[in-house]
Amino acid sequence: KIVIRYARLNYKPKAAGLAEKILEQTGHRSELVIGKPGQFDVEADGVLLFSKHKAGRFPEPFEVIERIK
């Protein structure tokens with residue numbers, strides 16, 4: 001199960017775009033979950049794949065997709 005936790009309205013377009021790319025390239029659907037302010041995390045089966053807070057930036061789609069594969 002892939003979960004993208006994002007900060008309310010501001011990051012929704014980024015989260016939706018990433019979810020679409022994940023679906024296209026891996027066949028996996030992502031659940032979009034509203035998180036805390038400033039949050040943009042991607043998890044797969046409970047394992048954190050990317051954290052905007054830790055990295056200081058948004059993920060590039062290829063970074064997340066490579067970790068899912």
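Analyst: Happy to walk through this one with you. Two strands count as paired if DSSP finds at least two bridges between them. The model is a predicted one.

User: Thanks! How do you know that S1 and strand S3 pair, and in which sense?

Analyst: Strand S1 covers residues 2-7, and strand S3 covers residues 40-44. The cut-off is at least two bridges, and S1 and S3 have 5 bridges, in the antiparallel sense. They therefore count as paired strands. Within this pairing, Ile4 stands opposite Val42.

User: And what makes S1 and strand S2 a pair?

Analyst: The reasoning runs along similar lines. S1 and S2 (residues 30-35) share 6 bridges in the parallel sense, and the requirement is at least two, so S1 and S2 count as paired. Two positions help to locate the register: Ile2 stands opposite Ser30, and Ala7 stands opposite Gly35.

User: Why are S2 and S4 called edge strands?

Analyst: The open sheet has 4 strands in the order S2-S1-S3-S4, with mixed pairing. S2 and S4 each have a single partner strand, so one side of each is left without a neighbour in the sheet. From one strand to the next, the twist averages 25 degrees.

User: What makes S1, helix H1 and S2 a right-handed unit?

Analyst: The test is to look with the strands pointing away from you: if the path from the first strand over the helix to the second runs clockwise, the crossover is right-handed. The β-α-β unit of S1, H1 (residues 12-26) and S2 is right-handed, so the path from S1 over H1 to S2 runs clockwise in that view. H1 lies across S1, S2 and S3, and runs at about 165 degrees to S1.

User: Which strands does H3 lie across?

Analyst: H3 lies across S1, S3 and S4, at about 165 degrees to S4. In H3, the residues Glu63, Val64, Ile65 and Ile68 are buried. Their cover includes S1, H1, S3 and S4.

User: Why is Glu63 called buried, and what about its salt-bridge partner Arg57?

Analyst: Buried means under 20% relative accessible area. Glu63 has 14%, so Glu63 is buried. Arg57 is at 37% relative accessibility, which lies between the 20% and 50% limits, so Arg57 counts as partly exposed.

User: How do you know that Glu63 and Arg57 form a salt bridge?

Analyst: The limit is 4 Å between a side-chain nitrogen of Lys or Arg and a carboxyl oxygen of Asp or Glu. For Glu63 and Arg57 the N to O distance is 2.7 Å, so the pair qualifies. The structure holds 3 salt bridges.

User: What makes the other two pairs, Lys1 with Glu31 and Arg5 with Glu43, salt bridges?

Analyst: In Lys1 and Glu31, the closest N and O atoms are 2.8 Å apart, within 4 Å, so this pair counts. It links distant parts of the chain: Lys1 sits in the segment before S1 and Glu31 in strand S2, 30 residues apart. Arg5 and Glu43 meet at 3.2 Å, N to O, which is also within the limit, so this pair counts too. Here Arg5 in strand S1 is joined to Glu43 in strand S3, 38 residues apart.

User: Are the partners in those two pairs buried, exposed or partly exposed, and why?

Analyst: Lys1 is at 62%, over the 50% limit, so Lys1 counts as exposed. Glu31 at 36% counts as partly exposed, and so does Arg5 at 27%. Glu43 is at 17%, under the 20% limit, and therefore counts as buried.

User: Which residues touch the most other members of the largest nonpolar core?

Analyst: The largest nonpolar core has 17 residues, and Ile4, Leu18, Ile22, Phe40, Val42 and Val64 touch the most other members. S1, H1, S3, strand S4 (47-51) and helix H3 (61-68) each supply at least two residues of this core. Leu18 touches Ile4, Phe40, Val42, Pro59, Pro61 and Val64, leaving aside residues up to four places away in sequence. S1 itself is mostly covered, with 5 of its 6 residues buried.

User: One last residue: why is Asp45 called exposed?

Analyst: Exposed means over 50%, and Asp45 is at 64% relative accessibility, so Asp45 counts as exposed. Asp45 lies in the loop between S3 and S4. Its phi is near 50 degrees, a positive value in a residue other than glycine.

Definitions and conventions: Residues are numbered from 1 along each chain as its sequence is written. This is a predicted model: local features need pLDDT of at least 70, side-chain atom pairs count only at pLDDT 80 or more; totals for chains, interfaces and linings use all residues. Side-chain values use heavy atoms; hydrogens and water are left out. Buried means under 20% relative accessible area, exposed over 50%, partly exposed in between (1.4 Å probe, protein chains only). A nonpolar core is a set of buried Ala, Val, Leu, Ile, Met, Phe, Trp, Tyr and Cys residues joined through side-chain atoms within 4.5 Å. Contact means heavy atoms within 4.5 Å. Axes are lines fitted to C-alpha atoms, for helices over the stretch in contact, and angles run from 0 to 180 degrees between N-to-C directions.
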